[in-house]
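Subject: Structure for you to look over

Dear colleague,

I am passing on the structure we spoke about, and my notes on it follow below. Please read them with the model open beside you.

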Amino acid sequence: MSMRRKEGELFFCESAYRQYNKNNWDKAMTAQIAPPQTTLIGKYRWVICALLLIGIGINYIDRQMIGILKPTLQADLKWTETDYASIVFWFQCAYAIGFLTFGRIIDRLGVRVGYAIAFTIWTIATIGHGLVHTVVQFAIARFTLGFGESGSFPASLKAVSEWFPQKERAQATGIFNAGTAMGPIITPLLIPAITLAWGWRAAFISIGVVTSLWLVAWLLVYRRPHEHSKVGAAELAHIRSDDAPFISSETTASVKVSWLKLLTFKETWAYALGKFLTDPIWWLYLFWLPDFLGKTYGLDLKTFGPALIAIYILADAGSVIGGWGSSRQMKAGRSANAARKTTMLICAFMVVPIITAQFVSNVWLAVLIIGCAAAAHQAWSANLMTLPSDLFPKEAVASIIGIGGTAGAIGGMLMSTYNGYILEAFKSYQPIFIVAGTTYLIALLAIHTLTPRLKPVPLEKMQAK
């Protein structure tokens, strides 16, 4: 009886000790992640978001210039449709290689250094476009550009995962992702004017020189939140407020995530398939839309500016609204799974009318249809690109984004080859628009099948064995 009593007392003491430790852990975590209600939370993270927006805008100015200048370059350098498709193909090939490379570089060296390296490479390549003469030389310049530009999204998305809590990430991603349409808005304003005044070579060289100023600003401004003098304790606690789902039972200070290990998770393939199926549609808008407007409605370097600007203004609005929409749903209490997928389903249906664009006789009605599809794509992308930070810990985010970006670029390579063949053989955009209008519904089905609940992957499951 005495022995049982002692065992009971010992069990009670151990239980009390475990409960004491749990309570202290909960208090410590609460103190760390929950700022006092009376403390104002700083907003410096939005300065970082603005810097990312400008960087992506520059990225898309540099890459879209070839689409704007396609008729001029074809006339001057005697390109065929398949020559042009091949040049785009090699850009996307380098993009695929670079995404894998820069995903790992950014995870190893950090966002600040990794993005600086990528920006330097693509700026040099942009200037190099103005110095080449043959199709092969242009393809080499384009390949280098694609390799450098591939670092922008892994860096930007990892920066968002470092600087924003989950409930704000889609909104922040939507804002910086608006640069993918902001750049194409600026491009038809600047490039035709420079080209008509000084030639297409001057356009590439001048843009590369002027935009290099961003690199100086990046190196001066960017640091991780806990290293930044502009970030107060309340804002830092807000940024870290939902790190808990990824906290391991062991220390995570020196965890290394194997790239091959990432390929064993179905969540990786959900993101990669989404990118593979839908990224090529944005490439279509960037590289072939001016050509479509020219061949269908007779617009040229002097006249297609307003139509392109209208399309990309709609796309910009879609990016911001799409990110804001899912973030708003989460703040209202909906899960990330429900908020992201509801928004993406709406976007998938909004793209479908582009199937009819080939048959529209009025240019501005076609602009409205294509603009709504572009807006839906951007809203879709703002949510798709938050999935890595929803599903994986920060240690793996850039690598996951790299894998997805590679998948998207491979899809783009296939789409470019398809576009060149269709336009050379049939002189029609209709088969291309059929693909553009249906692929988002297929992509969402694939994502939902692989990740029905968007459940985060714990960090300890990702450690190399």
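Helices and strands are named here as DSSP runs numbered from the N terminus, with at least four residues for a helix and at least two for a strand. Please keep in mind throughout that this is a predicted model.

I begin with the last part of the chain that I examined. Helix H20 covers residues 430-450, and its 21 residues reach 31 Å from the first C-alpha to the last, which is close to the 30 Å expected at 1.5 Å a residue. H20 nevertheless bends by about 35 degrees at threonine 439, and Thr439 is itself one of the buried residues of this helix, among which are also Ile432, Phe433, Ala436, Tyr440, Ala443 and Ile447. An α-helix has 3.6 residues a turn, so residues three or four places apart point the same way. The buried residues of H20 pack against helices H14 (266-297), H16 (336-351), H17 (363-384), H18 (387-391) and H19 (394-426). In the segment after H20 comes leucine 454, which has a positive phi of about 50 degrees although it is not a glycine. Leucine 454 counts as buried because its relative accessible area is 7%, under the cut-off of 20%.

A second residue may be set beside leucine 454. Lysine 78, in the loop between H3 and H4, has a positive phi of about 60 degrees and is likewise not a glycine, but lysine 78 is exposed, with a relative accessible area of 65%. For context, most residues other than glycine have a negative phi.

Turning to the interior, the largest nonpolar core has 133 residues, and those with the most contacts inside it are Phe138, Tyr285 and Tyr312. The helix that gives the most to this core is H14, with 14 residues. Leaving aside neighbours within four places in sequence, tyrosine 285 is in contact with Pro290, Tyr312, Ile354, Ile370, Ala373 and Ala374.

The aromatic residues deserve a separate paragraph, since a search of the whole structure finds 36 aromatic pairs. In one of them, tryptophan 79 and tyrosine 84 are tilted, at 6.5 Å centre to centre and with 40 degrees between the planes. Tryptophan 79 also forms an edge-to-face pair with phenylalanine 138, at 5.0 Å centre to centre and with 80 degrees between the planes. Because tryptophan 79 lies in the loop between helix H3 (70-77) and helix H4 (81-109) while phenylalanine 138 belongs to helix H6 (residues 135-149), this second pair ties together parts that are 59 residues apart in sequence. As for burial, tryptophan 79 has 6% relative accessibility and counts as buried, as does tyrosine 84 at 0% and phenylalanine 138 at 0%. Elsewhere, ring pairs link Tyr44, Tyr115, Phe119, Trp122, Trp163, Trp214, Trp218 and Tyr222 into a cluster.

Finally, two arginines are placed over aromatic rings: the charged end of arginine 63 sits over the ring of tyrosine 60, 4.0 Å from its centre, and arginine 142 lies over the face of phenylalanine 91, at 5.0 Å from the ring centre.

With best wishes

Notes
Residues numbered from 1 in each chain as written. Predicted model: local features only at pLDDT ≥ 70, side-chain atom pairs only at ≥ 80, totals over all residues. Heavy atoms only, no water. Expected span 1.5 Å × (residues − 1). Bend = angle between axes of the 7 residues up to and from the residue. Buried < 20%, exposed > 50% of the residue type's maximum accessible area, 1.4 Å probe, protein only. Contact = heavy atoms within 4.5 Å. Core = buried A, V, L, I, M, F, W, Y, C linked by side-chain atoms within 4.5 Å. Phe/Tyr/Trp six-rings, centres within 6.5 Å; stacked < 30°, edge-to-face > 60°. Lys NZ or Arg CZ within 6 Å of the ring centre and 35° of its normal.
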